[in-house]
Amino acid sequence: MRFDENARLDTSGVDDLRGSGGGRGVGGRVAGAGGGLGIVGLIVYLLLTNLGGTDLGGMAAGGGYPSLDQVGTGQSADGASLARNCSTGASANTSTDCRMVAVVNSLDDFWAGRFSSGFTPPRTNFFSGGVSTDGCGSATSDSGPFYCPADSEIYIDLTFFDDLQTRFGAEGGPFSQSYVMAHEYGHHIQNLLGANRRVGNETGPTSGSVRLELQADCYAGVWAHHATTVPGDSGRPLITELNQADVDAALDTADKIGDDHIQATLGGGRVDESQFSHGSSAQRERWFTTGLDSGDPNACDTFATRDLG
């Protein structure tokens, strides 16, 4: 994966909260009004709680997810250093921070072009350790990246990309990281279209929660299909190269964060489909590939099919 080295990056949609407050700890899916939507989410919380024996203070009312309001208070955004360090595509080729800025720029441009009107991009927040949101309560980094529908913002601790390799056994790499960001952005598209409001707190292999997450995977694939043709501010594509090795790395990540793989590797080998909240490895690979092959968001209607894979 390569970016146009001469392209100008726009950091105005990214807030850097790192170093502004928060704490470490074992966390879960974000609590509160709206409910956070994450790429790994509740299943990781349950496994870490069971394996680590950490007391998280009970479950939040109205969502069934852990309340972690003791972390991440008093934060303020610092965008100056991000703007200074991530000014061009050349920086995106060498820096994870800048790469994520560039990916957000590409996602903004792509999805804005899919809406005839009324499109507002999400804000993206980089945080470290813990974060407090306006609409979904607080969470620690162990919950993984997530999107908060109540405030229309994405939250990500970039050290999660290290966790993908060390904890989950993923291959990693630039496009693996980009898939994660594109998945969370997919939740914003669902929020604009109202898909997330069709889902309750149910789990299971064909539950609404699984359908929602698989659709976000598919939307990530749709963007990937078009990534090297989406023009940036210069009129030229911001992403200049995306090859099969990049796609394979994204599929490897989708495999490693499937509910069955997480349960088998982190949960002692027992797979309980009744607790599926994001989809199996095979399902996640299938729906990312569906979006990638078709390039059409209409191919991503996971709610209309009986066959999720």
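Here is a walk through this protein chain, from its overall make-up to a few single residues.

Start with the big picture, and keep in mind that this is a predicted model. The protein chain has 10 helices and nine strands. It runs to 309 residues, and 57% of them count as buried. Take the contacts whose partners are separated by 6 or more positions: 75% of those link residues 24 or more positions apart.

Now let's look inside. The largest nonpolar core takes in 67 residues, and the members that touch the most others are Trp111, Tyr179, Trp223 and Phe288. Which elements give this core two or more residues? Helices make up much of the list: α4 (96–112), α5 (160–166), α6 (174–193), α7 (208–226), α8 (244–256), α9 (259–266) and α10 (281–294), together with the strand β8 (153–156). Another core lies apart from this one; it has eight residues, including Phe127, Val131, Phe146 and Tyr155.

Trp111 is a good place to pause. Leaving out residues up to four places away in sequence, Trp111 touches Phe119, Tyr185, Ile189, Tyr219, Val222, Trp223 and Pro297. Notice that Trp223 turns up here too, as another of the core residues that touch the most members.

Staying with α4, find Val104, which sits in that helix. Is Val104 buried or exposed? Its relative accessibility is 2%, so it counts as buried, given that the cut-off for buried is under 20%. Beyond its neighbours within four places in sequence, Val104 is in contact with Thr124 and Met181. Tyr185 is 81 residues away from Val104 in sequence, yet their C-alpha atoms are 8.4 Å apart in space.

Next, the helix pairs. Two packed helices are described by the angle between their axes and the distance between the axes. For α6 and α7, the axes come within 7 Å and cross at roughly 115°. This crossing is right-handed. On the α6 side the contact involves Phe175, Ser178, Tyr179, Ala182, His183, Gly186, His187, Ile189, Gln190 and Leu193, while α7 brings Leu212, Glu213, Gln215, Ala216, Asp217, Tyr219, Ala220, Trp223 and Ala224. Sorted by class, the residues of this contact are 11 nonpolar, six polar and two charged.

Helix α7 also packs against α10. Here the axes come within 6 Å and the crossing angle is roughly 35°. Once again, the handedness is easy to state: the crossing of α7 and α10 is right-handed. Residues of α7 in this contact include Val210, Leu214, Asp217 and Cys218, and they have partners in α10 such as Gln283, Arg284, Trp287 and Phe288 among the residues on that side. The class count for α7 with α10 comes to nine nonpolar, six polar and three charged residues.

While you are at α10, have a look at Glu285, which is placed in that helix. Glu285 counts as partly exposed because its relative accessibility is 26%, and the partly exposed class lies between the 20% and 50% cut-offs. Setting aside neighbours within four places in sequence, Glu285 is in contact with Leu251, Ala254 and Asp255. With Asp255, the C-alpha to C-alpha distance is 6.3 Å, although the two residues are 30 apart in sequence.

Let's turn to the strands. Five of them form an open sheet, in the order β2-β4-β8-β7-β3, with mixed pairing. At the edges you'll find β2 (14–16) and β3 (37–38), each of which pairs on one side only. Strand β2 runs parallel to β4 (residues 123–126), and three bridges join the two. Along that pair, Val14 stands opposite Thr124, and Asp16 stands opposite Phe126. Thr124 may ring a bell as one of the contacts of Val104. Moving on through the sheet, β4 and β8 are joined by four bridges and also run parallel. In this pair, Arg123 of β4 stands opposite Glu153 in β8.

One last stop is the loop between β7 (146–148) and β8, where you'll find Ser152. Most residues other than glycine have a negative phi, and most peptide bonds are trans. Ser152, though, has a positive phi, near 55°. Its relative accessible area is 26%, so Ser152 is partly exposed.

Methods. Residues numbered from 1 in each chain as written. Predicted model: local features only at pLDDT ≥ 70, side-chain atom pairs only at ≥ 80, totals over all residues. Heavy atoms only, no water. Core = buried A, V, L, I, M, F, W, Y, C linked by side-chain atoms within 4.5 Å. Buried < 20%, exposed > 50% of the residue type's maximum accessible area, 1.4 Å probe, protein only. Contact = heavy atoms within 4.5 Å. Axes fitted to C-alpha atoms, helices over the stretch in contact; angles between N-to-C directions. Left-handed = near helix turned anticlockwise from the far one by under 90°. Nonpolar A, V, L, I, M, F, W, Y, C, P; charged D, E, K, R; others polar. Pairing = 2+ DSSP bridges.
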